[in-house]
Amino acid sequence: MRLILLGPPGSGKGTQAQRLVHRHGIVQLSTGEMLRAAAAAGTPVGLQAKEIMSNGGLVPDEVVVGIIADRIEEPDAKKGFILDGFPRTVPQAEALDELLRKKHLKLDAVVELRVNESALLARVEKRAEETRARGEEVRLDDTPEVLTKRLAQYRSLTEPLIHYYSERRKLLTVDGMMTIEHVTREINRILTALGALEPKEHEEARSASKVSKTARKTAKQPTKKAAKSAKTAAKPARKAAKGASKLASKGKAAKNAGKKTAKQPARKTVKKAAKQAARAANARKGAKAAKKAAKKLTKKRAKR
């Protein structure tokens, strides 16, 4: 994804650029930072820019384009980049188009953050008043006077780029007066509609959406699955309880049977003893009767 953000000073380009960098893993290429880095690295183009800057001159477009050409070849820029501070003029835009053509790259979109200049001035004035009220010194580049000059420069040099990219069907306009969150969402919506995101990012976004949808569905309708799981989990418990009840019943029956079995021999013994006692009593009775009969017989014999 290769982007340019357009908009007057104070429109929020820097904030939105950082959000895009964080979300899509691309790099923000600032002209000033690239010039300083190239000079510090001692590259041929960087040394040329360093000499010009040390003499107080403006770095020519061809030198800036040369530095950009080197920078976008670095590994971290392979996935994409956002150009910050370039192009500022139509000739710079034409030079950039030529550079990208030679490298077989294309610019995906130019996002214009359209804002109300009067609102920007009012915002800067309010910020300056709040800074003074805190007893702090207002930055020289953060005053209504400086902003007025920068806005005039933007209108004369950079605003023609809106027409330039509009003709090439690259321009997309977003209302920069919305909240930061709304502006971010609108930019991402436009980039998604354009297909500017990499296939992997599309897949990740789709997967994230699917996961979110599944989570919502699960949160809203957990009852069927949960009830079924609970029923399945409770089944062994019910079976175990039923088994325990049966065992308890069997135990009770066994206990009763034991009692009954224990009583039976006792009854038999008593009954047997009673019979034996009855026989003994009968025997004694018979013996007594026989003794009496014998005695009687003896008396009779004696009388004779």
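# How the labels fit this structure

Reader: What do the axes of α5 and α8 do, and how is an axis drawn?

Author: The two axes come within 9 Å and cross at roughly 35°. An axis is a line fitted to C-alpha atoms, for helices over the stretch in contact, and angles run from 0 to 180 degrees between N-to-C directions. Before we go on, please note that this is a predicted model, where local features need pLDDT of at least 70, side-chain atom pairs count only at pLDDT 80 or more, and totals for chains, interfaces and linings use all residues. Residues are numbered from 1 along each chain as its sequence is written, and side-chain values use heavy atoms, leaving out hydrogens and water.

Reader: What makes something a helix or a strand, and how many of each are there?

Author: Both are DSSP runs, numbered from the N terminus: a helix is H or I with at least four residues, a strand is E with at least two. By that rule the protein chain comes to 11 helices and five strands.

Reader: Which residues of α5 and α8 meet, and what counts as contact?

Author: Contact means heavy atoms within 4.5 Å. On the α5 side you will find Val 90, Ala 93, Glu 94, Leu 96 and Asp 97, and they meet Pro 160, Leu 161, Tyr 164 and Tyr 165 of α8. These residues divide into seven nonpolar, no polar and two charged. The sorting counts Ala, Val, Leu, Ile, Met, Phe, Trp, Tyr, Cys and Pro as nonpolar, Asp, Glu, Lys and Arg as charged, and the others, Gly among them, as polar; therefore Glu 94 and Asp 97 are the charged pair.

Reader: What makes a group of residues a nonpolar core, and how many residues has the largest one?

Author: The members must be buried Ala, Val, Leu, Ile, Met, Phe, Trp, Tyr or Cys, joined through side-chain atoms within 4.5 Å. Buried means under 20% relative accessible area, exposed over 50%, and partly exposed in between (1.4 Å probe, protein chains only). The largest core has 34 residues, and Ile 4, Leu 6, Ile 67, Ile 68, Leu 96 and Tyr 165 have the most contacts inside it. Elements giving two or more residues include β1 (2-6), β2 (27-30), β3 (81-84), α5 (90-102) and α8 (160-167). The biggest giver is α4, with six residues. Another core of 16 residues lies apart from this one, and includes Ala 17, Leu 20, Leu 113 and Ile 187.

Reader: Which residues does Tyr 165 touch beyond its neighbours in sequence?

Author: With neighbours within four places left aside, Tyr 165 is in contact with Ile 4, Leu 6, Pro 87, Ala 93, Leu 96, Leu 107, Val 110, Lys 170 and Leu 171.

Reader: What makes two strands a pair, and which strands form the sheet?

Author: Two strands pair if DSSP finds at least two bridges between them. β1 and β3 meet that mark with three parallel bridges, and Ile 4 stands opposite Leu 83 there. β2 and β3 pair over four, β1 and β4 also over four, and β4 and β5 over five. Among the partners are Leu 5 with Val 111 in β4 and Val 110 with Leu 171 in β5. The result is an open sheet in the order β2-β3-β1-β4-β5, with parallel pairing. β2 and β5 are called edge strands since each pairs on one side only. Helix α1 (residues 13-24) packs on the sheet, touching β1, β2, β3 and β4, and its direction makes about 160° with that of β1.

Reader: Why is β4 called largely enclosed?

Author: Five of its six residues are buried, so the rest of the structure largely encloses β4.

Reader: Why are His 104 and Arg 169 called exposed?

Author: His 104 has a relative accessible area of 74%, so it counts as exposed. Arg 169, at 79%, is therefore exposed as well. His 104 lies in the loop between α5 and β4, and Arg 169 in the loop between α8 and β5.

Reader: What is unusual about their backbone, and about Pro 87?

Author: Most residues other than glycine have a negative phi, and most peptide bonds are trans. His 104 has a positive phi of about 60° although it is not a glycine, and Arg 169 likewise has a positive phi of about 60°. A cis peptide bond joins Phe 86 and Pro 87, with omega about -5°. Pro 87 is found in the loop between β3 and α5.
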